[in-house]
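Subject: Structure for your review

Dear colleague,

Please find the structure below, handed over for your work. A short account of the findings comes after it.

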Amino acid sequence: MPLLTVDDLHVRYGHIQGTQGISLAIEPGEILALVGSNGAGKSSTLKAILGLVPVAGGTITFLGADLRGLKASQIVRRGIGFSPEGRRVFPQLSVAENLRVGAHTRPVAETAERMEQIYGYFPRLRERARQRASSLSGGEQQMLAIGRALMSRPKLFLLDEPSLGLAPIIVERIGDILEDIRQQENLAVILAEQNAHWALHLASRAVILELGRTVVASTTGELLQDPRVTGAYLGT
Amino acid sequence: MTLVAAQIVNGLAIGMLYAVMALGLSIIKGLLNVPNFAHGALFAVGAYVCYTLSTIGAPFAVALLGAFAASAIVGLLIERLGIANLAGSSYLLQVLFLFGTALVIEQSLVLIYGTTGVSLVPPALLSGAANLGFMFLPRYLMFCALVGALAIVAVWLLIEKTKIGSRIRAGIERREMVQCLGIDIGMLLTLGFALGAGMAGLAGGIALPLLGANATSGNDMMAIAFVVLVLGGLGSLYGAVVAGILIGVAQSLATLVAPAASTLLIYVIMTAVLLVGSKGLFGER
């Protein structure tokens with residue numbers, strides 16, 4: 001049974017369509033890429049899963065339970081972590097405080113141990129633990145946003161546009177760390193990305209979105225050979 | 001010279017009251033992004049609860065705690081039953097709701113206690129004046145400054161050093177993000193409003209032996225608290241503390257030169273700060 005199943009998802013903002021029938025499924029320990037340009041419905045899909053926008057149609061099932069109608073705080077408690085587009089770290093809080101706030105849903109006794117694990121994945125964060133998040137570089141802030149979301153030990157991690165505005169070398173580094181975390185924690189990741197090249201090489205399967213609809217869904221191995229994908233998204 | 005010293009001490013005590021009042025306003029403004037126009041009414045609730053508890057024989061410390069608790073509970077109800085339900089509506093509705101709630105509270109106080117107002121003699125220990133050699137210092141003024149400072153330190157510790165405090169700061173910075181980390185934003189906002197309201201009540205209780213109370217006596221305090229908030233800087237939580245003390249002292253000293261104009265002066269400062277688009281003393285935006 002998949003960890004999460006989204007079936008025929010419709011999201012509407014007033015009269016504007018966010019998604020019009022997106023379907024996907026993800027297994028534990030798998031990275032699934034959601035690839036598409038601005039306005040394709042990537043963020044809307046992630047926000048609908050997390051309960052941040054109302055679902056106008058379709059179903060969202062996580063661990064056999066329907067998530068529709070639950071508040072975001074309840075959905076996070078069930079084991080879904082989220083790092084939004086633009087990182088949204090708490091600028092005036094220290095790096096360590098940002099992480100501790102991320103551990104809100106877990107017993108306090110676990111926090112120190114989990115922080116050590118996160119610092120293990122992201123040694124830069126340990127070096128800057130006492131600094132304000134606003135003093136970090138873009139790449140460090142992205143690492144902090146990921147670490148903060150993982151403090152709750154999620155089974156599924158929703159990661160929105162991590163590569164935005166970062167140098168290619170930093171993006172590669174973050175990809176390596178994500179792959180490491182996936183293996184060690186059997187973490188499932190839904191990666192919403194405009195950088196199709198990077199996302200398709202990191203993920204094992206992908207869903208290509210256009211104007212709120214699924215264009216094609218397959219393994220990344222096949223998609224990297226698919227002319228519809230290579231022509232429109234990989235620029236080859 | 002003695003007169004100046006006396007006015008500075010007087011200003012410190014009053015300024016500490018302004019600071020307690022304005023810090024509450026600042027927490028509410030920061031978390032919920034609304035100007036709490038019921039802050040003056042909550043001040044009056046605190047004053048009357050302090051009065052009632054004192055007249056039935058409760059120790060003054062208990063009366064002050066009661067003032068904090070009563071206003072915090074009223075604040076909790078205002079947020080839960082009112083502001084939370086209007087969260088999806090326009091900002092204007094929330095502001096008007098707070099304005100209306102203030103009138104309801106004030107008229108309820110008139111109904112219960114009448115229009116004449118009440119006053120309270122401070123407990124014997126805090127009455128009279130201490131002889132400092134060069135001047136006599138009213139003991140209650142010292143108490144006022146001390147309790148105000150303690151309350152501010154307690155709130156600072158709560159916000160800076162505790163788990164719930166870091167949630168409150170995170171909520172002030174990125175309200176939409178905290179729920180994505182599993183924090184019940186509704187609970188956080190209710191708690192923040194109750195804390196801010198409680199501080200207005202505490203200020204009302206402390207001020208009672210100093211200024212007396214009637215149903216609308218919180219309105220002058222609220223007006224000044226807004227001045228303090230603007231001067232301290234709207235993005236800054238603790239700017240209100242420094243600005244409150246400054247304004248208390250400045251106002252107090254101004255009464256030596258131009259007693260009638262001393263209150264006018266601070267309102268002019270506030271409007272000027274807003275007009276020139278200044279960030280205030282510690283504003284970050």
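The notes that follow cover the sheet, a helix pair and the contact between chains.

This is a predicted model, in which local features need pLDDT of at least 70 and side-chain atom pairs count only at pLDDT 80 or more, while totals for chains, interfaces and linings use all residues. Residues are numbered from 1 along each chain as its sequence is written, and chains are lettered from A and ligands numbered from 1 in the order in which they are written.

In chain A, four strands (DSSP runs of E, at least two residues, numbered from the N terminus) make an open antiparallel sheet in the order E2-E1-E4-E5; strands pair if DSSP finds at least two bridges between them. Strand E2 (16-26) and strand E5 (65-66) of chain A are at the edges with a single partner strand each, so one side of each has no neighbour in the sheet. Strand E1 (residues 4-13) of chain A is joined to E2(A) by eight bridges, and Arg12(A) has Gln17(A) as its bridge partner in E2(A).

Helices are DSSP runs of H or I, at least four residues. The axes (lines fitted to C-alpha atoms over the stretch in contact, with angles from 0 to 180 degrees between N-to-C directions) of H3(A) and helix H6 (residues 138-150) of chain A come within 7 Å and cross at roughly 35°. Among the residues making this contact are Leu99(A) of H3(A) and Leu144(A) of H6(A).

Between chains, 20 residues of chain A are in contact with 14 residues of chain B, where contact requires C-beta atoms, placed from the backbone, within 7 Å. Helix H2 (72-77) and helix H3 (95-102) of chain A each supply at least two residues of the side of chain A that touches chain B.

Yours sincerely

Technical notes: Two residues are in contact if their C-beta atoms, placed from the backbone, lie within 7 Å.
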